[in-house]
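Me: Please take a close look at how the two domains of this protein chain meet, and at what lies around that contact. I am in my first year, so keep it plain.

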Amino acid sequence: MRPFAERTLNVKPSPTLTLDAEVKAMKARGERIVNLGVGEPDFETPDHIKEAAVKAIRDGFTRYTPSEGILELREAISRKFKEDNGLDYGPEDIVVTNGGKQALYNVMQVLFGPGDEVIIPAPYWVTYPPQALLAGATPVFVATRESDGYVLKPEALEKALTPRTRGIVINSPSNPTGMVYRREDLLALAPVIERSGIWVISDDIYEILVYDGREFVNFPMACPGLKDQCIVCHGVSKTYSMTGWRIGFLAAPRPVAKAVAMIQSQMTSNPCSISQKAGLAALIGPREPVERMREAFDSRRRLVLRLLQDMPGFRTPEPAGAFYVFPDIRGLLGRELGGRVIDSSDSLASVFLKECGVATVPGSGFGAEGSIRFSYAASEAELVEGLERIARILAGGAGDLRSS
Ligand SMILES: Cc1ncc(COP(=O)(O)O)c(C=O)c1O
């Protein structure tokens, strides 16, 4: 076969989506898998949102829309930014995309190119590096420390800067650590960001999922004077349990928003018209379903932390957001489990999947070897069963309840 374009050689498939496909195939073969690897809410999309989509179909709202998304939805997003975040973005500064992922992809395409460097604090969401590479840019990883709550420190940012640095991605609450930036953490970064003039891409997709009374703050909220250096990427996927609907959005300085809409017009034309109506219903509808989901996630978080606390070999920092815990598993390295010597997060996740039927995601994919990600976007019964299976294998027994 003739060679492919070089960009496809630099990019690997998403490890989380690959795992999800493997888990679904195992389930289809009749295996009793507990999926703690998945990054999507397990709740139904609320009924009033589904109804809005049905109505859109019945009303014949089934044609192309403006590339940047329908005005009504952009107005609702503009109100959301004003009311929730105190940020002034007009509908012209907003673009609706096919999921939060495409918002990030579009921004990287617009802002970065060959020779540019993009700073990605590690641990990071698996998709940022390939998206930077697909733009022709170079991801530059900057390690953060668990002892700092996985917050990027200004000295570390300063050290990573070169004349080629064009941007940084900040994700809070974070996938995979569940860490949440405080206002003072962002303020501390501001002088370096201002001096260097780099773009800040704020990935706010888990905004609503913060616990223990913690406040959500993104970079433009903390540093309004630097708003023109910021692009806020967001979406309805996690907030309203709408991962399959593929509605994301971004708010940016107007020329950036215009360029994003232009690129999108040549790529996907527009997000699905029906999903846009559903997204609108989500944004203008009642908040109670969202608050109920948040409370359920919070009680699962506490359950998982309690269960993990008693497990030998795990050291689990307490996350304040999202729906992940990210324990340090280095205490298990060198141990024999399920007939294998554990030498990495990959081998541990593989034993958990093959021997216990529990899917988790190894830290290696997040730039954090030595940790493993558990998602608690699963029912309490599944969380208890999955962690019991793991506790059994760690205690030297058979982890697999399928055989008991
Ligand atoms: C940190 C982060 N950002 C963005 C997204 C994209 O969400 P979606 O494209 O489903 O809206 C995800 C999804 O897993 C995520 O974890």
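Reply: What follows goes from the domains to their contact, then to a strand, the core and the ligand.

The model is predicted. Its protein chain is assigned two domains: domain 1 covers 6-44 + 289-403, and domain 2 covers 64-284. Between the C-alpha centres of domain 1 and domain 2 there are 26 Å. Domain 1 puts 34 residues into the contact, and domain 2 puts in 30 residues.

Take the side of domain 1 that touches domain 2. Four elements give two or more residues to this side: the helices α1 (6-10), α2 (15-28) and α12 (288-309), and the strand β9. Helix α12 gives the most, with six residues. Sorted by class, this side of domain 1 has 17 nonpolar residues, nine charged ones and eight polar ones.

Strand β9 also belongs to a sheet. That sheet is open, has three strands in the order β9-β14-β13, and its pairing is antiparallel. β9 (324-325) and β13 (361-362) are the edge strands, each of them pairing on one side only. In general, the strands of a sheet pair through backbone hydrogen bonds, and the pairing is either parallel or antiparallel. Here β9 and β14 (residues 372-375) run antiparallel and are joined by two bridges. Within this pair, Y324 has S375 of β14 opposite.

The domains also share a nonpolar core. The largest nonpolar core holds 119 residues, and the members that touch the most others are V107, I231, L250, V260 and Y376. Helix α5 (residues 99-111) gives the most to this core, seven residues. At least three residues of the core come from each of domain 1 and domain 2. V260 can serve as an example of its contacts: leaving out residues up to four places away in sequence, V260 touches V95, N106, V107, V110, L250 and A252. Two of these partners, V107 and L250, are listed with V260 among the core members that touch the most others.

Helix α5 appears again at the ligand. With three residues, α5 supplies the largest share of the shell around the ligand. The shell has 13 residues, of which G99, G100, K101, N175 and S237 come nearest. By class, nine residues of the shell are polar, two are charged and two are nonpolar.

To put the parts together: α12 gives the most to the side of domain 1 that touches domain 2, while α5 gives the most to the largest nonpolar core and the largest share of the ligand shell.

Methods: Residues numbered from 1 in each chain as written. Predicted model: local features only at pLDDT ≥ 70, side-chain atom pairs only at ≥ 80, totals over all residues. Pairing = 2+ DSSP bridges. Core = buried A, V, L, I, M, F, W, Y, C linked by C-beta atoms within 7 Å. Buried ≥ 20, exposed ≤ 12 C-beta atoms within 10 Å, placed from the backbone. Domains from an automatic or database assignment. Contact = placed C-beta atoms within 7 Å. Near = placed C-beta within 6 Å. Nonpolar A, V, L, I, M, F, W, Y, C, P; charged D, E, K, R; others polar.
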